[in-house]
Amino acid sequence: MPGIGDPRFDHAVIAMCAHDENGALGIGIGAEIAGLGLHDLLEQLEIECGDVANAPVCVGGPVEQGRGFVLHSTDWEGQGTVSVAGRWALSGSLDVLKAIAAGQGPSRWQVALGYAGWGEGQLDAEMTRHGWFNASADAGLIFDTPVAERWQRGFLEAGIDPRLLSSGAGTA
């Protein structure tokens, strides 16, 4: 939400991947890492790009920004892949990047570096205050919408015009 008060999450779009009594983990998909595309990342990891199109790499979150994650469709599974409520999957090992580069990976994917994490009860408490908006879990938002349009689309799909949002909360 506008006015969240934390610049790391200003206009953030987080695909939640785990949320239980132990905490929560999400991958940021609302901002690109400037100057870093998939081809650059694959080159750094010494993975041949093959015929895969270059694509933006997202700022996954403020935690472990050197660690990579791939949100992807459920038509591919590799080492350590986790299903996210059957809607999409999350992989954090190199095998998914190698499969994507070889044209044998998931049909839809988004690469990100870092993640957003919350301790036990932390996200639950944050959700009771101004700052976060819970949008529907829509794979189209992750895979079919350009990165720069994801924040706005989350609101528009809920019938909210984000231009009309206030950066402050009331105290009534």
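## Strands S1 and S2

Strand S1 (14-20) and strand S2 (residues 23-28) are paired in the antiparallel sense through six bridges. Two strands count as paired if DSSP finds at least two bridges between them. Helices (H or I, at least four residues) and strands (E, at least two) are DSSP runs, numbered from the N terminus. Within this pair, methionine 16 has glycine 26 of S2 as its bridge partner, and a hairpin of two residues joins S1 to S2.

## Basis of the model

The model is predicted, so local features need pLDDT of at least 70 and side-chain atom pairs count only at pLDDT 80 or more, while totals for chains, interfaces and linings use all residues. Residues are numbered from 1 along each chain as its sequence is written, and side-chain values use heavy atoms, with hydrogens and water left out.

## Strands around S7

Strand S7 (88-91) pairs with two other strands, S5 and S6. S5 and S7 run antiparallel and are joined by three bridges; histidine 72 is bridged to alanine 89 of S7. S6 and S7 are also antiparallel, over three bridges, and here valine 82 has leucine 90 of S7 as its partner.

From S7, Trp88 and Leu90 point one way, Ala89 and Ser91 point the other way, and all are buried. Buried means under 20% relative accessible area, exposed means over 50%, and partly exposed lies in between (1.4 Å probe, protein chains only).

## Nonpolar cores

A nonpolar core is a set of buried Ala, Val, Leu, Ile, Met, Phe, Trp, Tyr and Cys residues joined through side-chain atoms within 4.5 Å. The largest one has 19 residues, and Cys17, Ile27, Leu71, Trp88, Leu90 and Ile142 have the most contacts inside it. Two or more residues of this core come from each of S1, strand S5 (63-72), S7, strand S8 (109-118), H4 and H5. H4 gives the largest share, three residues.

Leucine 71 can be followed further through its contacts (heavy atoms within 4.5 Å). Leaving aside neighbours within four places in sequence, leucine 71 touches Ala15, Cys17, Ile27, Ile29, Trp88, Ala89, Leu90, Arg108, Trp109, Gln110, Ile142 and Phe143. A second, separate core has 18 residues, among them Leu36, Leu41, Trp76 and Val111.

## Helix H2

In helix H2 (residues 94-101), the buried residues are Val96, Leu97, Ala99, Ile100 and Ala101. The elements covering them include H1, S5, S7 and S8. Glycine 103 follows H2 and has a positive phi, near 75 degrees.

## Positive phi outside glycine

Most residues other than glycine have a negative phi. Two residues depart from this sign, glutamate 46 with phi near 60 degrees and alanine 85 with phi near 55 degrees. Glutamate 46 is in the loop between helix H1 (38-44) and strand S4 (56-59), and its relative accessible area of 75% makes this residue exposed.

Alanine 85 is in the loop between strand S6 (82-84) and strand S7. That loop belongs to the hairpin of S6 and S7, which has three residues between the strands. Alanine 85 is exposed, at 70% relative accessibility.

## The largest pocket

A cavity and a pocket are both found on a 1 Å grid over the protein atoms alone: in a cavity a 1.4 Å probe fits but cannot get out, whereas a pocket is an open set of points with protein on both sides within 12 Å along at least five of seven lines, and lining residues have an atom within 4 Å of a point. Grid points are joined across faces, edges and corners, and a volume is the space filled by probe spheres set on the points.

The largest pocket holds about 660 Å³ of space. Its lining has 30 residues, with Ile14, Met16, Phe133, Asn134 and Ala135 nearest the centre. S1, helix H3 (122-127), helix H4 (139-143) and helix H5 (150-156) each supply at least two lining residues. By type, the lining divides into 22 nonpolar, five polar and three charged residues. Ala, Val, Leu, Ile, Met, Phe, Trp, Tyr, Cys and Pro count as nonpolar, Asp, Glu, Lys and Arg as charged, and the others, Gly among them, as polar.

## Serine 136 and leucine 156

Serine 136 lies in the loop between H3 and H4 and is exposed, at 55% relative accessibility. Its C-alpha is 7.9 Å from that of alanine 158, 22 residues away in sequence.

Leucine 156, in helix H5, is partly exposed, with a relative accessible area of 45%. Leucine 156 and arginine 67 are 89 residues apart in sequence and 31 Å apart in space, C-alpha to C-alpha.
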